[in-house]
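User: I would like to go through the charged pairs and the cysteines of this model, asking each time what justifies the label.

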Amino acid sequence: MGLPNASDDLSTEVEVDAFRRLFPLRFYEKHLLKSIRPDARPLGRARETTIGLGAVASANGSALAKIGSTTMLGAIKMEVMTPSLETQDEGCIGLLPLTARFPVSLSLLKTPGRPAEGAPVVAKQLSDTILSSGMINLKELSLVSGKAAWMAYLDIYCLDADGATFDTALLSAVAAFSHSIVTRDSWWKRTA
């Protein structure tokens with residue numbers, strides 16, 4: 001009886017992946033019958049979740065969020081802008097379009113330079129969720145009514161995707177906003 005080798009492990013992995021792609025219903029039924037997920041977690045156990053604040057030193061706020069193997073980096077960059085006439089006492093969040101960058105490997109097209117197919121969907125969901133949640137009071141971003149306000153730009157970078165992409169992107173965005181440190185004083189110091 002010989003020791004297992006890497007080529008046997010690789011061929012088994014390829015066979016499992018082929019079975020999953022060819023017979024997805026049977027693949028998931030087999031796991032459900034055993035009360036486990038394809039990643040070997042019990043059905044009732046959530047993926048391990050971690051958040052690291054301050055991942056990007058040059059950003060005004062940033063966070064690295066990880067749910068399972070899915071990893072997203074959220075970064076906030078703040079700029080002073082002139083508010084619009086309709087909202088003179090409010091700042092703005094640069095979410096439309098939200099920058100959600102996914103590696104080309106997530107795209108079915110695998111065309112270099114083209115965003116992954118899921119990126120626009122996740123970006124739209126994030127934009128809708130953040131703007132409708134009220135988690136950011138746009139009036140607090142006002143510096144001088146009608147003259148100056150903060151514009152917060154949010155970038156999300158997908159470093160690894162293994163499910164729960166929206167959840168991980170939202171977690172990184174919320175954590176990055178919570179880590180943002182911008183005050184009226186920091187603007188006054190910039191203009192003085």
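User: In which helix do Asp-17 and Arg-21 lie, and how many residues apart are they?

Analyst: This is a predicted model, in which local features need pLDDT of at least 70, side-chain atom pairs count only at pLDDT 80 or more, and totals for chains, interfaces and linings use all residues. Residues are numbered from 1 along each chain as its sequence is written, and side-chain values use heavy atoms, with hydrogens and water left out. Both Asp-17 and Arg-21 belong to helix α1 (residues 6-22), where they are four residues apart, about one turn of the helix; helices (H or I, at least four residues) and strands (E, at least two) are DSSP runs, numbered from the N terminus.

User: Why is the contact between Asp-17 and Arg-21 called a salt bridge?

Analyst: The term requires a side-chain nitrogen of Lys or Arg within 4 Å of a carboxyl oxygen of Asp or Glu. The closest N and O atoms of Asp-17 and Arg-21 are 3.1 Å apart, so the pair qualifies as a salt bridge.

User: What makes Arg-21 exposed, and what is Asp-17 called?

Analyst: Buried means under 20% relative accessible area, exposed over 50%, and partly exposed in between (1.4 Å probe, protein chains only). Arg-21 has 60% relative accessibility and therefore counts as exposed, whereas Asp-17, with a relative accessible area of 28%, is partly exposed.

User: How do you know that Lys-139 and Asp-89 form a salt bridge, and where does each residue lie?

Analyst: Their side chains meet at 3.2 Å, N to O, which satisfies the distance criterion, so the label applies. The pair links distant parts of the chain, 50 residues apart: Lys-139 is in the loop between α3 (118-133) and β5 (142-144), and Asp-89 is in the loop between β3 (70-81) and β4 (92-101). Lys-139, at 43%, and Asp-89, at 33%, are each classed as partly exposed.

User: What separates Lys-124 from Asp-128 along helix α3, and what N to O distance supports their salt bridge?

Analyst: Lys-124 and Asp-128 are four residues apart in helix α3, which means about one helical turn, and their side chains meet in a salt bridge at 2.8 Å, N to O. Elsewhere, salt bridges that share partners join Asp-17, Arg-20 and Arg-21 into one network, and the search of the whole structure finds six salt bridges.

User: How many disulfides does the search find, and is Cys-158 buried or exposed?

Analyst: A disulfide is a pair of cysteine sulfur atoms within 2.5 Å, and the search of the whole structure finds zero disulfides. Cys-158 counts as buried because its relative accessibility is 7%, while Cys-92, at 29%, is partly exposed.
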